[in-house]
Amino acid sequence: ETLNLLNIKSGGTYIDATLGGGGLSGEILKKLDKNGRLIALDIDKDAIDYCKEKFKNEKKIQIFNCNFTEISEVLKELKINKVDGICVDLGVSSHQIDCAERGFSYIHDAPLDMRMGQSGASAYDIVNFTEESKLSNIIHEFGEEKFAKLIAKAVCRKRKIKKIETTLELVEIIQSVVPKRFSGHPAKKTFQAIRISVNNELENLDILLDNCVKLLSSGGRLAALSFHSLEDRIVKQKMKFWEKTCICPPNAPICTCSKKKEALIINKKAITSSSSEIKNNPRSKSAKLRVCEKI
């Protein structure tokens with residue numbers, strides 16, 4: 001669905017802002033002719049190293065190891081003003097989850113890390129040095145966890161005795177205060193929250209989307225794939241804002257905002273995974289795809 005809705009032109013210029021394992025990039029490249037161009041970004045050095053080897057004989061792709069918030073700078077460096085399409089596949093990658101030592105998983109024991117870019121403050125820093133009220137807010141807001149206060153209190157009580165160093169140490173603390181759920185792991189929401197905080201995911205997504213609408217040429221499309229409600233809400237609200245022709249208060253007698261419609265939403269309702277796709281790839285269960293076209 002993502003590939004089809006990008007409406008790829010064979011000689012166009014496209015951006016994969018979240019390269020990952022290069023799955024979508026590989027499919028885009030198949031649709032491009034010798035005049036086509038793909039710029040791929042990823043903050044994760046593991047993804048960059050893997051894809052540079054994977055696409056070493058492919059001349060139509062250029063790969064950059066950077067945060068997707070730097071998308072404008074990359075295009076400026078390449079002397080590209082506008083592109084024909086941008087795709088973003090948000091959140092944590094399968095490689096990051098499955099690579100136990102990266103510390104994203106609540107199933108495998110590993111040092112608390114969760115850094116996508118492998119630099120800066122880690123989950124260890126968030127868990128051990130954030131004051132209780134702020135830690136509670138992080139878990140509540142980014143994880144939508146109703147037991148956030150209990151979890152934060154238990155974490156702070158434990159870290160006074162000994163610093164919390166591994167993923168399973170944190171899981172044990174969470175399980176001690178969170179009732180067993182009928183679906184989903186008790187630590188899932190907290191781990192999501194800490195990961196989002198470590199990587200500034202929601203702030204960075206906001207910056208990326210603002211850049212995307214400026215960089216698309218007329219008729220160019222943005223395809224955004226999100227995996228939890230916080231990401232999807234930001235994408236949905238941005239696209240709705242771009243489609244508006246007026247943002248004046250409802251009771252205003254005349255329009256004074258001078259707002260112009262910037263994009264047209266292609267799918268009014270988010271596209272979700274089919275039952276067959278979920279069967280083949282269970283991690284696609286929460287995926288939501290939204291697409292818009294620049295006017």
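Me: A residue is called buried when its relative accessible area is under 20%, exposed when it is over 50%, and partly exposed in between. In this predicted model, to which of these classes does Lys188 belong?

Reply: Lys188 is found in helix H10, which covers residues 188-199, and together with Lys146, Lys189 and Lys285 it forms a positive surface patch. Its relative accessible area is 45%, a value in between the cut-offs of 20% and 50%. Therefore the class of Lys188 is partly exposed.

Me: How many disulfides does the model contain, if a pair of cysteine sulfur atoms has to lie within 2.5 Å to count?

Reply: A disulfide is a covalent bond between the sulfur atoms of two cysteines. For the buried Cys99, with a relative accessible area of 14%, the closest cysteine sulfur is that of Cys51, and at 15 Å it is too far for a bond. Cys257 is in no disulfide either, since the nearest cysteine sulfur, in Cys255, is 3.6 Å away, and the cut-off is 2.5 Å. By this rule the count of disulfides is zero.

Me: What is the distance between the closest N and O atoms in the salt bridge of Arg195 and Glu201?

Reply: Arg195 has a relative accessible area of 9%, so it counts as buried, and Glu201, at 9% as well, is also buried. The model has 18 salt bridges by the rule used, and in the one that joins Arg195 to Glu201 the closest N and O atoms are apart by 2.8 Å.

Me: How many residues apart in sequence are the parts tied together by the salt bridge of Glu293 and Arg221?

Reply: In this salt bridge the closest N and O atoms are 2.8 Å apart. Glu293 lies in strand E8 (residues 288-294), while Arg221 lies in strand E5 (residues 216-226), so the pair ties together parts whose separation in sequence is 72 residues.

Me: Of the two partners in the salt bridge of Lys259 and Glu262, which one counts as buried?

Reply: The side chains of Lys259 and Glu262 meet at 3.5 Å, taken from N to O. Glu262 has a relative accessible area of 28%, so it is partly exposed. The other partner has 12% relative accessibility and therefore counts as buried, and that partner is Lys259.

Me: Which arginine belongs to the network that salt bridges form with Asp44 and Asp46?

Reply: A salt bridge needs a side-chain nitrogen of Lys or Arg within 4 Å of a carboxyl oxygen of Asp or Glu. Salt bridges that share partners join Asp44 and Asp46 into one network with Arg102.

Me: What distance separates the C-alpha atoms of Gly23 and Cys51?

Reply: Gly23 is found in helix H2, made of residues 23-31, and at 47% relative accessibility it is partly exposed. Gly23 and Cys51 are 28 residues apart along the chain, and their C-alpha atoms are separated by 9.6 Å.

Me: Is Met114 buried or exposed?

Reply: Phi of Met114 is near 70°, a positive value in a residue other than glycine, and the residue has its place in the loop between helix H5 (94-98) and helix H6 (123-129). Its relative accessibility is 0%, so Met114 counts as buried.

Me: And is Lys79 buried or exposed?

Reply: Lys79 also has a positive phi, near 60°, without being a glycine, and it lies in the loop between helix H4 (71-77) and strand E4 (83-89). Its relative accessible area is 75%, and therefore Lys79 is exposed.

Terms used: Residues numbered from 1 in each chain as written. Predicted model: local features only at pLDDT ≥ 70, side-chain atom pairs only at ≥ 80, totals over all residues. Heavy atoms only, no water. Patch = residues over 30% accessible without salt bridge, like charges linked within 9 Å, V, L, I, M, F, W, Y side chains within 5 Å. Areas by Shrake-Rupley, 256 points an atom, 1.4 Å probe, with all protein chains shown as cover. Lys, Arg positive; Asp, Glu negative; His and termini not counted. Charge placed at Lys NZ, Arg CZ, Asp CG, Glu CD. Helix = DSSP H or I, 4+ residues; strand = E, 2+ residues; numbered from the N terminus. Buried < 20%, exposed > 50% of the residue type's maximum accessible area, 1.4 Å probe, protein only.
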